[in-house]
Amino acid sequence: MAILLTSFLLCLMLRVWTMPITAKTNSFSFSEHTAAYQINRLSRFALDSTLDAIGNRSLGHDQGGCTLENVRVRRDWRTFPRKEKRAYINAVLCLQWLPAQTPSALAAGAKSRYDDFVATHINQTWHIHRTGTFLAWHRYFIYVFEETLRDECGYTGDLPYWNWGADVQSMEESPLFDGSDTSLSGNGAYIPNQPNLRIPLGNTDLPPLILPAGTGGGCLTSGPFMNSTINMGPSFLYVPGGNVSRMSNPLDYNPRCLKRDLTTSILRDNNNYTTILQLILNNHDVWDFETNAQGAPGSGLLGVHGGGHLAMGGDPGRDADANPGDPGFWNHHAMIDRLWWIWQNLDLTKRQYAISGTGTFLNDPASPNTTLDTHVNVGYVKPGSIAVRDIMSTTAGPFCYVYL
Ligand SMILES: [Cu+2]
């Protein structure tokens, strides 16, 4: 069985690594090629290390029921055959058709099962970003999303990730956002002469980042999510030319179209292969890793996290709270989770259970440190809570997955 799995993984890896990085490979610089190659090597190292750990239980803690036979493999969307892309898309659409489980007294705008996830993210936003829980909470959140696709919508595949570096030449040609029937829909309708964005860092006094608007801005014009309805928010929405737009109660019902404003330059500046590689290699403790992934305050950088969200643009892509409403959220965060997994595996002894930060955004207001005993939850998405300790490894606790 282990031999079967190994040959299955090898086949998949060959498929990933022999693919052209992009259709426009020629315009990629040599350093980007080198960085892409190095990231693949590091990812392979993390894979070997994780499979070894599963195989010989060498970490010395309970690995639960995760074995070489049942470990799941999350892959780049590019490697999904058409049929698998359709299956994933249909499962996400299914969540948008199923009824919500959040009581309407708590979130009048939560109409669909998908909205349960959006409501949870809106509710917890100040406790899951720039906190000690950022990486672990989102790891859990996207895992529960993946499980819900399987349990409630019959999906049998794994959560695909968005390999940003391959799309920095053109968001419009990204297989996730090209508007085809195997994408998550494409750009919004073009709105000419959109002014720049001013992105504040939460409620701090730091000067806002000035960013260009993109090549869309309006409602989606094609693809599977063209008719999706955004039911909640705006909650903390960056608007071109303005500051932040928000409803007095962002959980109220406010149905509108899903808008995008693809902005290649933001992705190119923040999510290129070189930046990704530097994030993995240049940060030696988890505080630096999570801080730089979100853009260090005052650095003028968005980090890979903000870069991916804002490169999708639009509403709710540019909404710091309601952004799970854009289906690209899950694949974007899967990539962040992949980088954390790679980073952890480069020094498991020090990094597997490393955690740093408090329970509030930039520790404002001041709150206790997040510890491995801190419990997190995902609201009405799934009852109960889980200790951070149990969601630090992708193959212990409830999880059993690796990345290719
Ligand atoms: Cu988030």
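This is a tour of selected helices, loops and single residues in a predicted model.

**Stop 1: helix H7 against H10**

Select residues 273-282, which form helix H7, and residues 328-345, which form helix H10. The two helices pack with their axes 9 Å apart, at an angle of about 40 degrees. Angles from 65 to 115 degrees would count as roughly perpendicular and those under 35 as roughly parallel; that makes H7 oblique to H10. Turn the view to look through both helices: the crossing is right-handed.

Now show side chains. On the H7 side, pick Ile276, Leu279 and Ile280. They meet Met335, Leu339, Ile342 and Trp343 of H10. What classes of residue make up the contact of H7 with H10? There are 7 nonpolar residues, no polar ones and no charged ones.

**Stop 2: helix H2 against H7**

Keep H7 on screen and add helix H2, residues 30-56. The axes of H2 and H7 come within 8 Å and cross at roughly 45 degrees. That makes H2 oblique to H7. This crossing is left-handed, whereas the crossing of H7 and H10 is right-handed.

Select the H2 side of the contact: Ser31, Glu32, Ala35, Ala36, Gln38, Ile39 and Leu42. Then add the H7 side: Tyr273, Thr274, Ile276, Leu277, Ile280 and Leu281. By class, the contact of H2 with H7 divides into 9 nonpolar, 3 polar and 1 charged.

Look again at Ile276 and Ile280. Both belong to the contact with H2, and both also meet residues of H10.

**Stop 3: Ser49 in H2**

Stay on helix H2 and go to Ser49. Is Ser49 buried or exposed? Its relative accessibility is 17%, so Ser49 counts as buried; the cut-off for buried is under 20%. Leaving out residues up to four places away in sequence, Ser49 touches Asn345 and Leu348. Asn345 is the last residue in the range of H10, residues 328-345. Leu348 begins helix H11, which covers 348-351.

**Stop 4: the annotated stretch 326-337**

Color residues 326-337. An unreviewed UniProt entry lists this range for "domain: Tyrosinase copper-binding". The chain here is 83% helix and 0% strand. The C-alpha atoms at its two ends are 18 Å apart. Met335, one of the H10 residues that meet H7, falls within the listed range 326-337.

**Stop 5: helix H9 and what follows**

Select helix H9, residues 303-312. How many of the residues of H9 are buried? The count is 10 of the 10, so H9 is largely enclosed by the rest of the structure. The buried set is Gly303, Val304, His305, Gly306, Gly307, Gly308, His309, Leu310, Ala311 and Met312.

Step along the chain. Gly313, just after H9, has a positive phi of about 65 degrees. Next, check the bond between Asp315 and Pro316. This peptide bond is cis, with omega about 15 degrees. Pro316 sits in the loop between H9 and H10.

**Stop 6: a second cis bond**

Jump to Gly233 and Pro234. They too are joined by a cis peptide bond, with omega about -5 degrees. Pro234 is in the loop between strand E6 (229-230) and strand E7 (237-238).

**Stop 7: two asparagines with positive phi**

Select Asn193. Its phi is near 55 degrees, a positive value in a residue other than glycine. Asn193 lies in the loop between strand E2 (188-190) and strand E3 (197-199). At 73% relative accessible area, Asn193 is exposed.

Then select Asn363. Phi is positive here as well, at about 55 degrees, although Asn363 is not a glycine. This residue is in the loop between helix H11 and strand E10. Asn363 is partly exposed, with a relative accessible area of 33%.

**Stop 8: Val376 in strand E10**

Follow the chain to strand E10, residues 375-376, and pick Val376. With 6% relative accessibility, Val376 counts as buried. Which residues does Val376 touch, not counting residues up to four places away in sequence? The partners are Thr133, Trp137, Tyr140, Ser385, Ile386, Val388 and Ile391.

Finish with a distance between C-alpha atoms. Val376 and Val388 are 12 residues apart in sequence and 6.8 Å apart in space.

Definitions and conventions: Residues are numbered from 1 along each chain as its sequence is written. This is a predicted model: local features need pLDDT of at least 70, side-chain atom pairs count only at pLDDT 80 or more; totals for chains, interfaces and linings use all residues. Side-chain values use heavy atoms; hydrogens and water are left out. Axes are lines fitted to C-alpha atoms, for helices over the stretch in contact, and angles run from 0 to 180 degrees between N-to-C directions. Helices (H or I, at least four residues) and strands (E, at least two) are DSSP runs, numbered from the N terminus. Angles under 35 degrees count as roughly parallel, over 145 as roughly antiparallel, 65 to 115 as roughly perpendicular and the rest as oblique. A crossing is left-handed if the near helix is turned anticlockwise from the far one by less than a right angle, and right-handed if clockwise. Contact means heavy atoms within 4.5 Å. Ala, Val, Leu, Ile, Met, Phe, Trp, Tyr, Cys and Pro count as nonpolar, Asp, Glu, Lys and Arg as charged, and the others, Gly among them, as polar. Buried means under 20% relative accessible area, exposed over 50%, partly exposed in between (1.4 Å probe, protein chains only). UniProt positions are given in the numbering used here, feature names are shortened, and annotations may be inferred rather than shown by experiment.
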